[in-house]
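Work through the exercises below with the sequence and the 3D structure in view. Try each task before reading its solution.

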Amino acid sequence: MERILSAIKPTGKLTLGNYIGALSHFKDFQDQGESFIFIADLHALTLPIEPEDLRNNSRDIAAFYIASGLDPKKTTMFLQSSVSAHAELNAIVQNYLYMGELKRMTQFKDKCSKMADTAIGMGIFAYPVLMAADILLYEATEVPVGEDQAQHVELCRDLVRRFNHRYGEILKLPKAVVPTVGARIMSLTDPTKKMSKSDPKGDIFLHDDPRAMRKKIMGAKTDMGPTVTLDPQEKPGIANLLTIYAALDRIPLEEAAHRFDGYRYGDFKKAVADKLDEVMIPFKARYQEIVDSGSYLDVLRDGARKARAVANKTLHKVQEAVGLLTL
Ligand code: AQP
C-alpha cells in the first residue's frame, strides 16, 4: 500500500495556488493509501514571522485540511513541531547532504538571491534537509508536491541512495508526484511569477470574499489579442486562467482550452469567476463550520500521537544503523 505524505507551511494566508496545487488533491490521497498530512510549522520559521501569525496560520490550515475532505480516521493530520523525531532525524541526515547540493536548490536561490549572507538564516539554506527528514520518518512512497518542490524530493532520493549504500536498506525511497494540471498557478498581476502566500501581489486568498475573488479574476493581467487560445509562451496570463479553470473543473487543460477557444477575454474571465464561486462557496462554508466547532485542535492532538508512533520507529532504526546507542 502507498504511504502518502504532504504538508503546507503556515507562512501566510492560504492562496488559490495552495488550494489547487495541494488541498484539492488531499481527499483523493486518503482513498489511495495511508496518508500523513501535516502543518510544516518548523519550516515556517525559516523566514521571519510574528508568533501570533504563525499560531493563527497553523490553526487556519488545520481547519482548511478538514474542509478539504480529510477524514481523521483515514488521514493522520498533525503539527510538525508536535513530533520531535523531525528535529532528531534532521540532526542525523544533515550529515549526508552537502553544501554544494543545497546551494543549487532553485527555491533557495529564488528566496535568497537578493539577501545579504548575513541575513540568510541556516534554516532556509537547510530547508531541504528537514524536508527529507519529514518524508523519511513516515517511510513515504509518494510525496505530492507542486513543481518547485519536486527538486527537494529528488535531493531526498539522493540522500536515501547514499545512506542505504553505506548502512543497508534502512530508508525508503520516496517519489515526487506532481499534479498534471495546476502544479504552478501564477500571480494574476504577473503571470511569470508563482502565486505565493509570502509574496501577496496578484494572489487570490482563500479568505477573500466571493466579490473580491471575482474582482481579481476580472482584473487579471491578460495578453495581446482579444480572444482565448492556449499559448503559454505568448499568452501566459490566459494560460494561467485556463489552468485555474481546468483544475477547478477537474478537466485536462486542453479540454478547457477547447471549451473557450475564440472566447473574448471578458466572457472567459466571467466563466472562470463563476467556476471559482461554484467551488469556493461550499468549501468555505465547510471551513467556517469547522472553525466554529473548534474540533480541529483534537484532530491535531490525536494525529500527533499516531504520527509519533510511526516516526519514532524509523528514527530508532536510523539511530541504530549509524551507531548511536539507543538505551
Ligand atoms: N502557486 C502555486 N501553484 C500550485 N501549487 C502551489 N503550492 C503553493 N503555491 C502554489 C503548493 O501548496 C503546497 C504547500 O506549499 P508550501 O506552503 O509548503 O510551500 P510553497 O510551495 O513555497 O508555497 P507558497 O504559497 O509559495 O509559500 P511561501 O510563499 O511561504 O514560500 C505545496 O504542495 C505547494 O507546491
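The exercises concern a predicted model, and they cover the ligand site and one helix.

**Exercise 1.** Find out where the ligand sits and how far the protein covers it.

Solution. Step 1: look at the pockets; the ligand takes up the space of the largest pocket. Step 2: take the accessible area of the ligand on its own, which is 630 Å². The protein covers 97% of that area.

**Exercise 2.** Describe the shell of residues around the ligand by class and by element.

Solution. Step 1: sort the shell by class, which gives 6 nonpolar, 10 polar and 5 charged residues. Step 2: look for elements that give two or more residues to the shell; these are β1 (2-8), α1 (16-32) and α6 (106-112). Step 3: pick out the largest share, which is the 4 residues from α1.

**Exercise 3.** Name the residues that come nearest to the ligand and list some polar contacts.

Solution. Step 1: of the 21 residues around the ligand, those that come nearest are Thr11, Lys111, Ser196, Lys197 and Ser198. Step 2: check pairs of N or O atoms within 3.5 Å. Threonine 11 has a polar side-chain atom 2.6 Å from a ligand oxygen atom. For lysine 194, a polar side-chain atom is 2.9 Å from an oxygen atom of the ligand. Glycine 17 uses a backbone N or O atom, 3.3 Å from a ligand nitrogen atom.

**Exercise 4.** Decide how covered helix α8 is, and inspect what follows α8.

Solution. Step 1: apply the cut-off for buried, under 20% relative accessible area. In α8 (residues 127-137), 11 of the 11 residues are buried, including Tyr127, Met131 and Asp134. Step 2: move past the helix to glutamate 139, whose phi is positive, near 50°.

Key: Residues are numbered from 1 along each chain as its sequence is written. This is a predicted model: local features need pLDDT of at least 70, side-chain atom pairs count only at pLDDT 80 or more; totals for chains, interfaces and linings use all residues. Side-chain values use heavy atoms; hydrogens and water are left out. Buried means under 20% relative accessible area, exposed over 50%, partly exposed in between (1.4 Å probe, protein chains only). A residue is near a molecule or strand if one of its heavy atoms lies within 4 Å of it. A polar contact is a pair of N or O atoms within 3.5 Å; within protein, one must be able to donate a hydrogen and the other to accept it, and residues adjacent in sequence count only if both atoms are side-chain atoms. Accessible areas come from the Shrake-Rupley method with a 1.4 Å probe; for residues, only the protein chains shown count as cover. On a 1 Å grid over the protein atoms alone, a cavity is a set of points where a 1.4 Å probe fits but cannot get out, and a pocket is an open set with protein on both sides within 12 Å along at least five of seven lines; lining residues have an atom within 4 Å of a point. A molecule sits in a cavity or pocket if more than half of its atoms lie within 2 Å of its grid points. Ala, Val, Leu, Ile, Met, Phe, Trp, Tyr, Cys and Pro count as nonpolar, Asp, Glu, Lys and Arg as charged, and the others, Gly among them, as polar.
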